[in-house]
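Colleague: I am new to this structure and would like a close look at a single part of it, with the surroundings filled in afterwards. Could you take me through that part slowly, in one connected account?

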Amino acid sequence: MTTAQDTAQHSLRPHNQGPSAVWSSGGAAYDEVSRGILDAIEHAINRLEPSQPMRILDLATGTGWTARRLAERGYDVTGADFAPDMLSAARDLAGARQLPIPFVDGDAEALPFDDGEFDALISTFGVMFTQRPEDAAAEMARVVRPGGRLVLAVWTPDGKVFEMFKVIKQYMPTPEGEPPPSPFAWGDTDRLKVLLGDAFELAFERGTSYYREPDALAAWRTFVEGYGPVQTLAGKLDAKRRDQFESDFVAFHEQFEDELGVTVPRDYLIVRGIRR
């Protein structure tokens, strides 16, 4: 018997089978990770300037935070992601709020939508993690109609999230063959002009998201429970290495302790495009 997850996996490009499983492993707990970027999500929605009627695609929706914020305002939004367990959580969370959001199994590099199907596309710290950026950029251009809008929120290559990933990378095995491109290249405006400039008229704006936790250990728990790459990596380490990974991750967040807990300022870039 073929399950919905089987169908989703079969629709993936082969090189995305592994990443899909990694990101999916966070499941419903990923929603707490997304809570930490809510201020940036609102910034992205503001720069999207949604209006009625407008059909919007939330690409790499995760557990659907951005899609829910749009649907709560009455907009026609579809969420797409290649991580089936996160999509299942997105459906449950939207259903509990009686929000009629279709959540579609979709590989960002080969989207299951028609040319020009959407008036607008938004992706908040999602599409930047694709394995083949050129293909994802081409697909975004394909599904947005001429005159339509694009808004991305992406982490910068000089911010605290990049520094956090340097901690994570110390514990990752050396990749076989050519390593995938850095997701932080999406935070470089010159790179974005190469990826998207032919299809979109681009403008950029920097912002800072403030990630807050009661303490540094709470940040570790949030990420090891809900952030697929951290959860998967921690699960593959032996006990000694895992303890050291936790210690280093906690120590990173302890740099940002204040009187009430931990507040990490995380710089990002808003990318707005108008489809040519």
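Modeller: Let us begin at Arg68, which has its place in helix H5, and keep in mind throughout that this is a predicted model. With a relative accessibility of 2%, Arg68 counts as buried, because that value is under the 20% limit. Leaving aside residues up to four places away in sequence, Arg68 touches Asp31, Thr63, Leu93, Ala94, Arg97, Leu99 and Ile101.

The helix that holds Arg68 is part of a connection between two strands. Strand E1, residues 55–59, and strand E2 pair in the parallel sense over five bridges, and between these two strands the chain crosses through helix H5, residues 65–72, in a β-α-β crossover that is right-handed. Within this pairing, Leu57 has Thr78 as its bridge partner in E2. Strand E2 itself, residues 76–81, is mostly covered, since five of its six residues are buried.

On the way into and out of E1 there are two details of the backbone that deserve a careful look. Ahead of the strand, in the loop between helix H4 (38–48) and E1, lies Pro53, and the peptide bond that joins Gln52 to Pro53 is cis, with omega at about -10°. In the loop between E1 and H5 one finds Ala60, whose phi is near 60°, a positive value in a residue other than glycine. Ala60 is partly exposed, with a relative accessible area of 22%.

From E2 the pattern of strand, helix and strand continues. Three bridges join E2 to strand E3, residues 103–105, and these strands run parallel, while the chain crosses from E2 to E3 through helix H6, residues 84–96, in a β-α-β crossover that is again right-handed. Here the bridge partner of Ala80 is Val104, in E3. The loop between H6 and E3 is the place of Gln98, which has a positive phi of about 55° although it is not a glycine. Gln98 counts as exposed, with a relative accessibility of 72%, whereas Arg68 counts as buried.

A record gives a wider frame for these elements. In an unreviewed entry, UniProt lists residues 57–152 under "domain: Methyltransferase type". Over that stretch the chain in the model is 33% helix and 29% strand, and the C-alpha atoms at its two ends are 12 Å apart.

Turning from this stretch to the interior, the largest nonpolar core has 88 residues, of which Leu152 and Phe245 touch the most other members. Strand E5, residues 144–155, gives the most to this core, with seven residues. As for Phe245, its contacts, not counting residues up to four places away in sequence, are Ile168, Tyr171, Trp220, Val230, Leu233, Ala234 and Leu237.

A further residue, Thr208, gives a view of another part of the chain. Thr208 has its place in strand E6, residues 200–213, and is partly exposed, with a relative accessible area of 31%. Its contacts, again without residues up to four places away in sequence, are Asp39, Pro265, Arg266, Asp267 and Tyr268. From Thr208 to Ala83 the separation is 125 residues in sequence and 27 Å in space, taken from C-alpha to C-alpha.

Finally, the whole chain can be set around these parts. The protein chain has twelve helices and seven strands, and its radius of gyration is 18 Å, close to the 19 Å that the globule rule gives for 276 residues, so the chain is as compact as a globular protein of that length. Taken along the principal axes, its C-alpha atoms fill a box of roughly 55 × 50 × 40 Å. Buried residues make up 51% of the 276 residues, and Arg68, where this account began, counts as buried. Among contacts between residues at least 6 apart in sequence, 79% join residues at least 24 apart.

Definitions and conventions. Residues are numbered from 1 along each chain as its sequence is written. This is a predicted model: local features need pLDDT of at least 70, side-chain atom pairs count only at pLDDT 80 or more; totals for chains, interfaces and linings use all residues. Side-chain values use heavy atoms; hydrogens and water are left out. Buried means under 20% relative accessible area, exposed over 50%, partly exposed in between (1.4 Å probe, protein chains only). Helices (H or I, at least four residues) and strands (E, at least two) are DSSP runs, numbered from the N terminus. Two strands pair if DSSP finds at least two bridges between them. A crossover is right-handed if, with the strands pointing away from the viewer, the path from the first strand over the helix to the second runs clockwise. UniProt positions are given in the numbering used here, feature names are shortened, and annotations may be inferred rather than shown by experiment. A nonpolar core is a set of buried Ala, Val, Leu, Ile, Met, Phe, Trp, Tyr and Cys residues joined through side-chain atoms within 4.5 Å. Contact means heavy atoms within 4.5 Å. The radius of gyration is taken over C-alpha atoms; the globule rule is 2.2 Å times the number of residues to the power 0.38.
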